[in-house]
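Subject: Structure for you to look at

Hi,

Here is the structure I said I would pass on. Have a look at it first, and then read my notes below.

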Amino acid sequence: MSADFVAAFFIGLVGAGHCVGMCGGIASLLSMGQTRPSALIPLYYNLGRITSYAVVGGVIGGAVSTVADVANLNQSFAWLRLITAIFMVLLACYIGRWWQGLLAIEKLGKKLWKYISPLGKGLLPLKNPLQAIPFGFIWGWLPCGLVYSMLTWAVVSGSSLNGALIMASFGFGTLPAMVAVGYGSQHLRKLQQSSIFRNIAALAILVYGVFTGYGSINLLMIG
């Protein structure tokens, strides 16, 4: 699974421009009502956000692997991994801005988000910097096609630990851009918005997706 961890980190790194677009404005919310905002707030917020990714990845990875073992459905992992490969191709299209169909996936989470978001807003204004951790944990559930794509990897990870590590690797990949924006730096975001950088990254993800899909099809043919 080590290759998947590296790939998940890489996708977080190159896809963080989308995260910045969705969550970048939160930095101003966290500083609301504070005359001298703590410099640790962006770090605490992102720690909470990454923790939420790891928790949901661990739950999903563990649940699916348990069901597969009990029901002896191990061949189903080949089908699930094929679906993951398809999501990687969709993700490559999104990052390369060749096709934005992945955004439609975000609509699936909006109904749930309207019930979760008030929990985060209830923590504002922050009474102390540590409250940015639970705020980030809640905000990690913000509907995001990029996160949903990564969750398909957690589904086929084979264990709770692997599912958590895949999502954590993805989260740490997004960390540099999110922290940079939290501290007011736009240099990394400009690099991520570069068409050359974007297309090279998208092609790399596309190749990995096709490779994953090819391996899944071979397993299905053998089975």
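**Disulfides, or the lack of them**

By the sulfur-to-sulfur distance rule, the number of disulfides comes to zero. Two cysteines are still worth a look. C93 is buried, at 17% relative accessible area, and C144 also counts as buried, at 5% relative accessibility. Please keep in mind throughout that this is a predicted model.

**The chain as a whole**

If you are just getting your bearings, start with the secondary structure: the chain has 10 helices and zero strands. Read from the N terminus, the order of elements is therefore easy to remember, α-α-α-α-α-α-α-α-α-α. Of the chain's 223 residues, 47% count as buried. I also looked at contacts between residues at least 6 apart in sequence, and 81% of those join residues at least 24 apart.

**Helix α4 and its two partners**

Most of my notes are about α4, which covers residues 76-95. One of its partners is α10, residues 195-222. The axes of α4 and α10 come within 8 Å and cross at roughly 165°, which means that α4 is roughly antiparallel to α10. The crossing of α4 past α10 is left-handed.

Which residues make that contact? On the α4 side they are A78, W79, R81, L82, A85, M88, V89, A92 and I95. From α10 come R198, A202, I205, L206, Y208, G209, T212, G213, S216, I217, L219 and L220. Sorted by class, the contact of α4 with α10 has 15 nonpolar, four polar and two charged residues.

The other partner I noted is α7. Here the axes are 9 Å apart and the packing angle is about 155°, so α4 is roughly antiparallel to α7. This crossing, of α4 past α7, is left-handed. The residues in contact are F77, L80, T84, F87, M88 and L91 of α4, with L146, S149, T152, W153 and V155 of α7. The contact of α4 with α7 divides into eight nonpolar residues, three polar and no charged.

M88 deserves a click in your viewer: M88 is listed in the contact of α4 with α10 and also in the contact of α4 with α7.

**How covered is α7?**

Helix α7 runs over residues 145-155 and is mostly covered, with nine of its 11 residues buried. Those buried residues are G145, L146, V147, S149, M150, L151, T152, W153 and A154. Several of them came up above, including L146 and W153, which are among the residues of α7 that touch α4.

**Two backbone oddities**

Most residues other than glycine have a negative phi, and most peptide bonds are trans. Against that background, two places stood out for me.

Where is the cis peptide bond? A cis bond joins L124 and P125, with omega about -10°. P125 sits in the loop between α5 (103-121) and α6 (132-139).

The other place is R97, which has a positive phi of about 60° although it is not a glycine. R97 belongs to the loop between α4 and α5. With 48% relative accessibility, R97 counts as partly exposed.

**Residues brought together from far along the chain**

Three pairs are good for seeing how separate stretches meet.

- P129 is in the loop between α5 and α6 and is partly exposed, at 27% relative accessible area. P129 and L43 are 86 residues apart in sequence, with 9.7 Å between their C-alpha atoms. Leaving out residues up to four places away in sequence, P129 touches S38, I41 and Y44.
- N218 is part of helix α10 and is partly exposed, with a relative accessible area of 28%. N218 and A78 are 140 residues apart in sequence, and 9.0 Å apart in space from C-alpha to C-alpha. A78 is one of the α4 residues in the contact with α10.
- S76 lies in helix α4 and counts as partly exposed at 29% relative accessibility. The C-alpha atoms of S76 and V156 are separated by 9.3 Å, with their places 80 residues apart along the chain taken as the separation.

That's everything in my notes.

Best wishes

Definitions and conventions. Residues are numbered from 1 along each chain as its sequence is written. This is a predicted model: local features need pLDDT of at least 70, side-chain atom pairs count only at pLDDT 80 or more; totals for chains, interfaces and linings use all residues. Side-chain values use heavy atoms; hydrogens and water are left out. Buried means under 20% relative accessible area, exposed over 50%, partly exposed in between (1.4 Å probe, protein chains only). Helices (H or I, at least four residues) and strands (E, at least two) are DSSP runs, numbered from the N terminus. A disulfide is a pair of cysteine sulfur atoms within 2.5 Å. Axes are lines fitted to C-alpha atoms, for helices over the stretch in contact, and angles run from 0 to 180 degrees between N-to-C directions. Angles under 35 degrees count as roughly parallel, over 145 as roughly antiparallel, 65 to 115 as roughly perpendicular and the rest as oblique. A crossing is left-handed if the near helix is turned anticlockwise from the far one by less than a right angle, and right-handed if clockwise. Contact means heavy atoms within 4.5 Å. Ala, Val, Leu, Ile, Met, Phe, Trp, Tyr, Cys and Pro count as nonpolar, Asp, Glu, Lys and Arg as charged, and the others, Gly among them, as polar.
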